[in-house]
Amino acid sequence: MWIKKMKHKKLQMFLIGLLLFASALTLNMCISFTVEMIIFSQNVITEENCPDSYLITIGTNELDKLLTNVEYSNEVENSRTLSGKTITVPVKYNEKDISMYYDMLLGTDNYENFSYIQLLDNNVSVAPKDGEVWISETIAVPSGIKKGDVISVCYDTPLNLKVSGIYRSTCFPKALGYAPMLVSNNQLNEIDNETPSAFFAVNI
């Protein structure tokens, strides 16, 4: 009788110990994950990589109106503005529609002036050349697009752009449904059948 009670007691203690071990292991994993996320956010989500606030304007004079009326706080450290064009036609790769919820081309001649992106390949020029485009990995990865591939902006006469760069950005998460494509300013100016737009960002 007492032997059965001892065995039962040992089993209870073993199960309690196993439960405590599993709880300690889970807690340790949660702490490790939290620390990793803190380190990641400190290294990635910085004012160099991500603005404190940004907006997209659509229309020729909307950004000028905004900048005329806005009152800058003394705490605003810097602001960045890129001209763009809203894309109202499908964007395709190998006949597959890769359009996002909102498609936009931004023009730049030096991406270092737009530090919110990190190129996945350092062996690229400072900006896309005419006929080239840089796209977000949120577009490239699901569609299998690589450097050297060609995407088409499907106007009556398609605008074919060679992908010469793929970038990552904490500023444009996939869930946002928006990841601008970057082209040269000269290429942007040649698109005259789309509504002008702009990207405006500040860090405080």
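In the predicted model, Arg 168 is partly exposed, with a relative accessible area of 43%. This residue forms a salt bridge with Glu 137, and the closest N and O atoms of the pair are 2.8 Å apart. Distant parts of the chain are linked in this way, since Arg 168 belongs to strand 9 and Glu 137 to helix 3, 31 residues apart. Glu 137 is likewise partly exposed, at a relative accessible area of 21%; this value is not under 20%, the limit for a buried residue, and therefore Glu 137 is not classed as buried.

Two salt bridges are found in a search of the whole structure. Besides the pair formed by Arg 168 and Glu 137, Asp 121 is bridged to Lys 147, with 2.9 Å between the closest N and O atoms. Asp 121 is located in the loop between strand 6 (118–119) and strand 7 (132–136), and Lys 147 in the loop between helix 3 (137–143) and strand 8 (150–153), so the salt bridge ties together parts that are 26 residues apart in sequence. Relative accessibility is 27% for Asp 121, which counts as partly exposed, and 38% for Lys 147, which also counts as partly exposed.

Glu 194, by contrast, is buried and has no salt bridge; the nearest side chain of opposite charge is that of Lys 85, 8.6 Å away. Because a salt bridge requires a nitrogen and a carboxyl oxygen within 4 Å, a separation of 8.6 Å does not qualify. Glu 194 is placed in the loop between helix 4 (185–189) and strand 11 (196–203). Its side chain makes polar contacts with the side chains of Thr 88, at 2.9 Å, and Tyr 155, at 3.0 Å. Beyond its neighbours within four places in sequence, Glu 194 is in contact with residues including Lys 85, Ile 87, Thr 88 and Val 89.

The largest nonpolar core comprises 40 residues, and those with the most contacts inside it are Phe 114, Ile 135, Ile 145, Ile 151 and Phe 199. Strand 9 (residues 159–168) gives the most to this core, contributing five residues. When residues up to four places away in sequence are not counted, Ile 151 touches, among others, Val 91, Ile 98, Val 133, Ile 135, Ile 145, Leu 161, Val 163 and Met 181.

Overall, the protein has four helices and 11 strands. Of its 204 residues, 37% are buried. Among contacts with a separation of 6 or more, 75% are accounted for by residues 24 or more positions apart. The accessible surface comes to about 12800 Å², with 57% belonging to carbon and sulfur atoms.

Terms used
Residues numbered from 1 in each chain as written. Predicted model: local features only at pLDDT ≥ 70, side-chain atom pairs only at ≥ 80, totals over all residues. Heavy atoms only, no water. Core = buried A, V, L, I, M, F, W, Y, C linked by side-chain atoms within 4.5 Å. Buried < 20%, exposed > 50% of the residue type's maximum accessible area, 1.4 Å probe, protein only. Helix = DSSP H or I, 4+ residues; strand = E, 2+ residues; numbered from the N terminus. Contact = heavy atoms within 4.5 Å. Areas by Shrake-Rupley, 256 points an atom, 1.4 Å probe, with all protein chains shown as cover. Lys, Arg positive; Asp, Glu negative; His and termini not counted. Polar contact = N/O pair within 3.5 Å; in protein donor to acceptor, adjacent residues only side chain to side chain.
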